Amino acid sequence: MQATGYADLTIADYISLAINGIDPNYIRGMQAAGLTGLTRSELITMATHDIDPDYIRGLRAAGNRDLTVAELVALARKSARQE
């Protein structure tokens with residue numbers, strides 16, 4: 001996790017991230033998709049709404065760039081309701 005920029009995590013933080021399926025690969029993927037500097041809370045929020053790097057890349061390919069975490073979550077919620 002330190003290599004991804006999250007060096008100051010507590011044991012509780014690690015547990016919380018792991019419970020939500022967030023590992024270094026998820027973080028690196030989000031960073032590669034253009035989302036950098038995310039807080040632990042933002043990572044967890046996105047993971048719980050099934051927002052992953054592929055989802056971000058898909059939105060960007062469709063012309064949706066520079067979306068905030070709140071906007072990404074709103075889009076994911078809307079998409080989930082439509083399914």
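# Exercises on a predicted model

In this predicted model, Ile11, Tyr14, Ile15 and Ile19 make up a nonpolar patch on the surface, and together these residues have about 430 Å² of accessible area.

**Exercise 1.** Find where tyrosine 14 is placed, and decide whether this patch member is buried, partly exposed or exposed.

*Solution.* Begin with the position along the chain: tyrosine 14 belongs to helix H1, which covers residues 11-19. Next, take the relative accessible area of tyrosine 14, which is 31%. Buried would require under 20% and exposed would require over 50%, so tyrosine 14 is partly exposed at 31%.

**Exercise 2.** Describe the largest nonpolar core, naming the residues that touch the most other members and the helices that each supply at least two of its residues.

*Solution.* The largest nonpolar core has 22 residues, among which Ile22, Met30, Leu38, Leu43, Met46 and Ile51 touch the most other members. Helix H2 (24-32), helix H3 (40-48), helix H4 (53-61) and helix H5 (69-82) each contribute at least two residues to this core. As a background remark, nonpolar side chains tend to be buried together in soluble globular proteins. To look at one member in detail, take methionine 46: leaving aside residues up to four places away in sequence, methionine 46 touches Tyr26, Met30, Leu35, Leu38, Ile51, Val69 and Leu72.

**Exercise 3.** Work out the surroundings of threonine 4, starting from its place in the chain and ending with the residues it touches.

*Solution.* Threonine 4 sits in the segment before H1. Its relative accessible area is 6%, and therefore threonine 4 is buried. A polar atom of the threonine 4 side chain lies 2.6 Å from the backbone oxygen of methionine 1. Not counting residues up to four places away in sequence, threonine 4 touches Pro24, Ile27, Arg28 and Gln31.

**Exercise 4.** State how many salt bridges there are, and for each one say which residues pair and where they lie.

*Solution.* The count comes to two salt bridges. In one of them, aspartate 13 pairs with arginine 40, and the closest N and O atoms are 2.9 Å apart. Because aspartate 13 lies in helix H1 and arginine 40 in helix H3, this pair ties together parts that are 27 residues apart in sequence. Aspartate 13 is buried, at a relative accessible area of 14%, whereas arginine 40 is partly exposed at 31%. The other pair joins arginine 57 to aspartate 54, with 2.7 Å between the closest N and O atoms. Both of these residues lie in helix H4, three residues apart, which is about one turn of the helix. Arginine 57 is partly exposed, with a relative accessible area of 41%, while aspartate 54 counts as exposed at 54%.

**Exercise 5.** Locate aspartate 50 and aspartate 66, and describe the backbone angle phi and the accessibility of each.

*Solution.* Aspartate 50 is in the loop between H3 and H4, and its phi is near 60°, a positive value in a residue other than glycine. With 65% relative accessibility, aspartate 50 counts as exposed. Aspartate 66 is in the loop between H4 and H5, where its phi is positive, at about 60°, although it is not a glycine. Its relative accessible area is 70%, so aspartate 66 is exposed.

**Exercise 6.** Which residues does leucine 67 touch, not counting residues up to four places away in sequence?

*Solution.* First place leucine 67, which is found in the loop between H4 and H5. With the stated sequence neighbours left out, leucine 67 touches Leu59, Leu72 and Leu75.

Note on methods: Residues are numbered from 1 along each chain as its sequence is written. This is a predicted model: local features need pLDDT of at least 70, side-chain atom pairs count only at pLDDT 80 or more; totals for chains, interfaces and linings use all residues. Side-chain values use heavy atoms; hydrogens and water are left out. A nonpolar core is a set of buried Ala, Val, Leu, Ile, Met, Phe, Trp, Tyr and Cys residues joined through side-chain atoms within 4.5 Å. Buried means under 20% relative accessible area, exposed over 50%, partly exposed in between (1.4 Å probe, protein chains only). Helices (H or I, at least four residues) and strands (E, at least two) are DSSP runs, numbered from the N terminus. Contact means heavy atoms within 4.5 Å. Patches are made of residues with over 30% relative accessible area and no salt bridge: like charges are joined within 9 Å, nonpolar side chains (Val, Leu, Ile, Met, Phe, Trp, Tyr) within 5 Å. Accessible areas come from the Shrake-Rupley method with a 1.4 Å probe; for residues, only the protein chains shown count as cover. A salt bridge is a side-chain nitrogen of Lys or Arg within 4 Å of a carboxyl oxygen of Asp or Glu. A polar contact is a pair of N or O atoms within 3.5 Å; within protein, one must be able to donate a hydrogen and the other to accept it, and residues adjacent in sequence count only if both atoms are side-chain atoms.
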